[in-house]
Amino acid sequence: MAKAPASEQLRLLDLQALDSKVTQLDRRSATVAKNADIDALLEKLATADSELVTINTEVGDTQRELQRAETDVEMVQTRIDRDQKRLDSGSGSPKDLSALQSELVSLNKRRSDLEDVELEVMERLEAVRERQADHQKSHDSLREELAALEKTRDAELAAIASERAAVAGERAELAGTFEPALLALYEKTRAQRGVGAARLFHGKSEGSGMQLSPGDLAEIKKAAEDDIVFCPDSGCILVRSAEWAS
């Protein structure tokens, strides 16, 4: 049976307390890192990004449609200006001038129709730009909200990391004061069982949280003060003290 002075075994509880604190900080860090509010906002932002791409595409398509409509009107207006100039000059036969007048009537009708199309496209472009502005505003608001949550999360994670570093430093310093064989046994037990050492307090193992059976307690009571005994349930080192005995 492994042995260590009772006073050294007792100090293992201080080491375990620091290890437990590190474990708690690691769990807290994992919880803070996995932020449900941030995850939900990221989903909303992904949807907003997709919607913004769609509406930006619609704006671009409508702008090109307007440019085509404006070009069509300009082309017809150019022909009207040319024909009107010829008509005003009076050059040509009466038949040609009559045909020119008829063409001008058709061209003016065509221009009017194209201007109606141009106006309709302009109205649609104005409406889609308004929706674009609303989507962009909503998108920017989500990004600001996300940035604020991430800033808070990162600050909390930094604080946890700082505290963990301090506890780990204290732990390393304390671990260095133990006899290597005892420390190695503690480390091996903690690695295998999750808990390296715990009190045996009034017949209850604080490693397992369970009351030991009369038979197990009898066996432990037979052990010498410097004998290292283990919890039959959790497998951790049980630290005994006359003050804690039942």
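In the predicted model, Asp227 is found in the loop that runs between helix H5 (214–222) and strand S4 (229–230). Asp227 has a relative accessible area of 8% and is therefore classed as buried, the limit being under 20%. The side chain of Asp227 is joined to that of Lys3 by a polar contact of 2.3 Å. Leaving aside residues up to four places away in sequence, Asp227 touches Met1, Ala2, Lys3, Gln9 and Arg240. Lys3 thus appears both as the partner in the polar contact and among the residues that Asp227 touches.

Charged pairs were then examined across the model. Side chains of opposite charge can pair when their charged atoms come close. Over the whole structure, the search returns 20 salt bridges. One salt bridge is formed by Arg171 and Asp19, with 2.7 Å between the closest N and O atoms. Arg171 belongs to helix H3 (residues 94–175) and Asp19 to helix H1 (residues 6–33), and the pair links distant parts of the chain, 152 residues apart. Both partners fall under the 20% limit and so count as buried: the relative accessible area is 13% for Arg171 and 5% for Asp19.

Asp19 also takes part in a salt bridge with Arg190, where the N to O distance is 3.2 Å. Because Asp19 lies in helix H1 and Arg190 in helix H4 (residues 180–193), this pair ties together parts of the chain that are 171 residues apart in sequence. Asp19 is buried, whereas Arg190, at 27% relative accessibility, is partly exposed. The value for Arg190 lies between the limits of 20% and 50%, which means that Arg190 is assigned to the intermediate class.

A further salt bridge is formed by Arg82 and Asp83, whose closest N and O atoms are 3.4 Å apart. In this pair, Arg82 is partly exposed, with a relative accessible area of 46%, while Asp83 is buried at 1% relative accessibility. With regard to shared partners, salt bridges join Asp19, Arg171, Glu187 and Arg190 into one network. Within this network, Asp19 is paired with Arg171 at 2.7 Å and with Arg190 at 3.2 Å. The network therefore includes buried Arg171 and buried Asp19 as well as partly exposed Arg190.

Conventions. Residues numbered from 1 in each chain as written. Predicted model: local features only at pLDDT ≥ 70, side-chain atom pairs only at ≥ 80, totals over all residues. Heavy atoms only, no water. Helix = DSSP H or I, 4+ residues; strand = E, 2+ residues; numbered from the N terminus. Buried < 20%, exposed > 50% of the residue type's maximum accessible area, 1.4 Å probe, protein only. Polar contact = N/O pair within 3.5 Å; in protein donor to acceptor, adjacent residues only side chain to side chain. Contact = heavy atoms within 4.5 Å. Salt bridge = Lys/Arg side-chain N within 4 Å of Asp/Glu carboxyl O.
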